[in-house]
Amino acid sequence: MGDIFNNAKKLGFGLMRLPLLDENDEGSIDIEQMKKMTDHFLEMGYTYFDTAIMYCGMKSQDAVKEALTSRYPRESYTLATKLHADFFNTLEGRDEIFNDQLERMGVTYFDYYLIHDIGVERYPKYEELDCFRWLQEKKEQGLVRHIGFSSHDSAEFIDRVLTDHPEMEFVQLQINYLDWESEGVQSRKCYEVCEKHGKPVIVMEPVRGGTLAKVPDEVEKMFKEYHPEDSIPSWAIRFAASHDNVKIVLSGMSNMEQMLDNTGYMKDFEPLNDEEMDIVNKASKIIQESVGIPCTGCSYCTEGCPMNIAIPRYFALYNADELEKGQTGWRPQQSYYDRLSLVFGKASECISCGQCEGICPQHLPIMDHLKVVAEHFEK
């Protein structure tokens, strides 16, 4: 289908985490600082802006008009937004949302439009309300240039959606070096499904909500010894951007310092070399081992589980969520857990038969760990 991203620079401005006037009020966007950040972003040759209805306490789309669309010619930027299942319940509701978005952001079309956060529990609603055909019609009418979807779900599920809807042109996925081999998030597997279907990828959460900006001292030392001048987050964003089928890496930048850093090292982007990739892989292992449940993901425990519990995947999500402890805002692990538990048994449904512990090569107290996971995700 050609490059629907027109060979754009790989960094996108994710408008979910913006500068705030009051850190306790996610809707208190500092518009003046956002304007300066927008100016710099465009001056450096970047063009991709990504927003959605619920970002920044429902204020992100309004900020787009104030900081971007009312100040710059339409052809100077590309704009992406989304349709989320929680905000409509009728066929008419789809258009009410879409028309409100056009007006709210002061544009006559969107360059990219996504069906938002498709998961196993929302997919039936998107299908029943004919959202895929509806979005294709918007494209035919010239109101949308390119259509796609975002998802925090399994590789198997994304394969199903792309098989059902080959008209989707791109997919937005959570990809970072910590989740690349995760059994819970399945970043690599999801990416490979998109490759199989020939669909380019936009990356969200490359720094894992800030987790990969504050790494253990051992990891920071490795990074700084190799690149003394490079920031810690730069390793995470460059890792995501180093994959050929990744076209845009979204970064939620909440101050000018982050904007200057990201636009600087991504201006003449070079993929990680083999040595850098080895360092990142070591970093991932160190971070994973620093918290939680030391599960290796071998999955021996799941064979024959009478309750069909996705044990390694739940443990991976628990570990990931523990790493983000203390951070404000939405964390995706709960969504992954909720969706997995619609397909597999919940952690709380363990009947303590003990077969998993009898076969675990790591000799983990799996039944006790499942109680911890259930308390964490099911309360």
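Phe41 and Tyr46 are both buried in this predicted model. Their rings form an aromatic pair of the stacked kind, with 5.2 Å from centre to centre and 25° between the planes. Tyr46 also has a charged neighbour: Lys9 lies over the face of the Tyr46 ring, at 5.7 Å from its centre. A comparable arrangement of charge and ring involves Arg145, which lies over the face of Tyr109 at 3.9 Å from the ring centre.

The pair of Phe41 and Tyr46 belongs to a wider set, since the count of aromatic pairs comes to 24. Another member of this set is formed by Tyr337 and Phe377, whose ring centres are 4.8 Å apart and whose planes meet at 10°, so this pair is stacked. Tyr337 belongs to helix H14 (residues 333–343) and Phe377 to helix H16 (residues 366–378), so the pair ties together parts that are 40 residues apart in sequence. Both Tyr337 and Phe377 are buried. Elsewhere, ring pairs link several residues into a cluster, which consists of Tyr177, Trp180, Tyr191, Phe223, Tyr226, Trp235 and Phe239.

Two residues of that cluster, Tyr226 and Trp235, lead to an acidic side chain. Leaving aside residues up to four places away in sequence, Glu276 touches Tyr226, His227, Trp235, Arg238 and Pro271. Glu276 lies in helix H12 (residues 274–289). Its relative accessibility is 3%, so Glu276 counts as buried.

Arg238, one of the residues touched by Glu276, lies in helix H10. At 10% relative accessibility, Arg238 counts as buried. Beyond residues up to four places away in sequence, Arg238 touches His227, Tyr265, Met266, Phe269, Glu270, Pro271, Leu272 and Glu276. Within this group, the side chain of Arg238 reaches the backbone oxygen of Glu270 at 3.1 Å. The C-alpha atoms of Arg238 and Phe269 are separated by 8.0 Å, although the two residues are 31 apart along the chain.

Tyr265 and Met266, both touched by Arg238, are among the buried residues of helix H11 (residues 256–266), together with Met259, Asn262 and Thr263. The elements that cover these buried residues of H11 include strand E1 (11–14), helix H1 (31–43), helix H10 (232–241) and strand E8 (246–252). At the start of H11, a side-chain oxygen of Asn255 comes within 3.1 Å of the backbone nitrogen of Glu257.

Helix H1, one of the elements that cover H11, also contains Asp39. With a relative accessibility of 17%, Asp39 counts as buried. Beyond residues up to four places away in sequence, Asp39 touches Arg71 and Tyr72. The side chains of Asp39 and Arg71 are joined by a polar contact of 3.0 Å.

The cysteines can be considered next. A disulfide is a covalent bond between the sulfur atoms of two cysteines. In this model the count of disulfides comes to zero. For Cys356, the closest cysteine sulfur is that of Cys350, at 6.0 Å, which is too far for a bond; the cut-off applied is 2.5 Å. Cys356 is buried, with a relative accessible area of 6%. Cys56 likewise counts as buried, at 3% relative accessibility.

These local features are set within the overall fold. The protein chain has 16 helices and eight strands. Its radius of gyration is 21 Å, close to the 21 Å that the globule rule gives for 379 residues, so the chain is as compact as a globular protein of that length. Along the principal axes, the C-alpha trace spans about 65 × 55 × 40 Å. Of the 379 residues, 53% count as buried. Among contacts between residues at least 6 apart in sequence, 76% join residues at least 24 apart. The stacked rings of Tyr337 and Phe377 offer a local example of a link across the sequence, tying together parts that are 40 residues apart.

Terms used
Residues numbered from 1 in each chain as written. Predicted model: local features only at pLDDT ≥ 70, side-chain atom pairs only at ≥ 80, totals over all residues. Heavy atoms only, no water. Phe/Tyr/Trp six-rings, centres within 6.5 Å; stacked < 30°, edge-to-face > 60°. Buried < 20%, exposed > 50% of the residue type's maximum accessible area, 1.4 Å probe, protein only. Helix = DSSP H or I, 4+ residues; strand = E, 2+ residues; numbered from the N terminus. Lys NZ or Arg CZ within 6 Å of the ring centre and 35° of its normal. Contact = heavy atoms within 4.5 Å. Polar contact = N/O pair within 3.5 Å; in protein donor to acceptor, adjacent residues only side chain to side chain. Rg over C-alpha atoms; globule rule 2.2 N^0.38 Å.
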